[in-house]
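Subject: Structure for your review

Dear colleague,

Please find below the structure for your attention. A summary of what was found in it follows.

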Amino acid sequence: ITERIDAEAGQPCESVDGCRMELYINAGLSADVEANADFIGSGIGLYRTEIPFMLRERFPSEQEQVALYRQVLESAPNLPITMRTLDVGGDKPLPYFPINEENPFLGWRGIRLTLDHPEIFLVQVRAMLRASVGLTNLQIMLPMISTVSEVKEAKRLVNQAYFEICDEVCENGHGLQRPKLGIMLEVPSVLYQLSQLAQHVDFFSVGSNDLTQYLLAVDRNNTRVASLYNSYHPAVLAALNNIVKQANDNEIPVTICGEIAGEPAGAILLMGMGYRRLSMNAFNLRKINWLIRKVTLEESKHLLSQALNSVSHEEVFGHLNDYLETKG
Ligand code: PEP
Ligand code: MG
């Protein structure tokens with residue numbers, strides 16, 4: 001089967017009945033991008049900037065960040081590269097920035113931390129902007145948004161960084177494009193404010209890993225409750241379904257970049273819901289591309305309605321596994 005999958009790599013990702021999907025990759029090391037340069041899909045849907053930060057012994061300087069981001073942006077100059085601002089805290093500690101909290105997943109993580117330390121945020125955004133001079137593919141994404149005011153404040157800082165860099169580089173005749181700005185949808189509160197949030201940003205990206213954790217109140221890394229952590233819980237599927245409908249109503253592009261997007265059962269259900277952009281670990285890309293080329297949108301909608309009417313993730317998998325077996 002691997003051979004059959006590889007044989008179709010790079011073929012258009014379109015279902016049998018003509019539903020076109022865009023597949024993006026999730027990355028965090030420049031090596032990810034280099035290793036997969038032959039098939040990066042439609043671009044990078046999520047570049048986790050905290051990974052290079054976690055591998056160091058101190059905060060990388062602005063210059064170091066510029067070099068790092070430049071390499072990533074140049075790896076696919078004609079495709080969008082979505083760089084997420086630092087998402088540390090929770091399960092992602094920085095050795096040189098210790099945080100001690102009783103409930104780290106409900107605490108100081110992602111945008112909360114960087115808005116409290118605007119110097120960290122500004123250095124990072126300036127580095128992204130500097131790295132993007134002469135290119136047009138940078139998009140910036142904010143993690144762990146739970147309120148509209150966080151978006152406004154982060155946007156103010158991004159604009160400030162933009163004008164600072166513009167003053168520096170525009171005189172030299174270099175082009176600095178204003179990057180698109182988006183937010184992660186991964187805290188349940190945002191589901192109820194999507195139309196307000198849509199007014200402030202250019203795109204949404206669903207972080208189904210954290211959304212599952214927060215909807216089900218199950219720590220995504222706690223083995224004791226691991227059997228309860230499941231993105232195919234019908235309530236999580238209902239939330240994902242609701243998000244894409246609302247995003248379409250608000251005419252705002254939406255990607256999904258959690259693990260579910262790179263899983264065969266997940267990709268089919270997401271297609272049935274109306275998602276047209278999936279971002280996944282690069283090693284899943286060929287498999288999902290291959291699978292989508294074997295299914296129809298009609299079948300995916302039927303499977304979705306069965307899934308939404310199921311009472312448990314076991315029942316959801318029951319229907320999907322039967323179907324997937326027919327596809328080899
Ligand atoms: C997510 O939460 O689904 C996500 C993509 O971000 P991360 O896994 O890095 O928290
Ligand atoms: Mg997340």
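The shell around ligand 1 comprises two nonpolar, four polar and four charged residues (Ala, Val, Leu, Ile, Met, Phe, Trp, Tyr, Cys and Pro count as nonpolar, Asp, Glu, Lys and Arg as charged, and the others, Gly among them, as polar). These residues are Leu46, Arg48, Asp87, Glu186, Gly207, Ser208, Asn209, Asp210, Cys257 and Gly258, each with its C-beta atom, placed from the backbone, within 6 Å of the ligand. Helix 9 (208–216) and strand 2 (44–48) each supply at least two of them, and the largest share, three residues, comes from helix 9.

This is a predicted model, in which local features need pLDDT of at least 70 and side-chain atom pairs count only at pLDDT 80 or more, while totals for chains, interfaces and linings use all residues. Residues are numbered from 1 along each chain as its sequence is written, and chains are lettered from A and ligands numbered from 1 in the order in which they are written. The average pLDDT (the predictor's confidence in each residue, from 0 to 100) is 94, and 97% of the residues score at least 70. The ipTM is 0.99 and the pTM 0.96.

Helix 12 (residues 282–292) is mostly covered, with nine of its eleven residues buried (20 or more other C-beta atoms within 10 Å of the residue's own, these atoms being placed from the backbone). Among the buried residues are Arg286, Asn289 and Trp290. Helices and strands are DSSP runs (H or I, at least four residues; E, at least two), numbered from the N terminus.

Yours sincerely

Terms used: A residue is buried if 20 or more other C-beta atoms lie within 10 Å of its own, exposed if 12 or fewer, and partly exposed in between; C-beta atoms are placed from the backbone.
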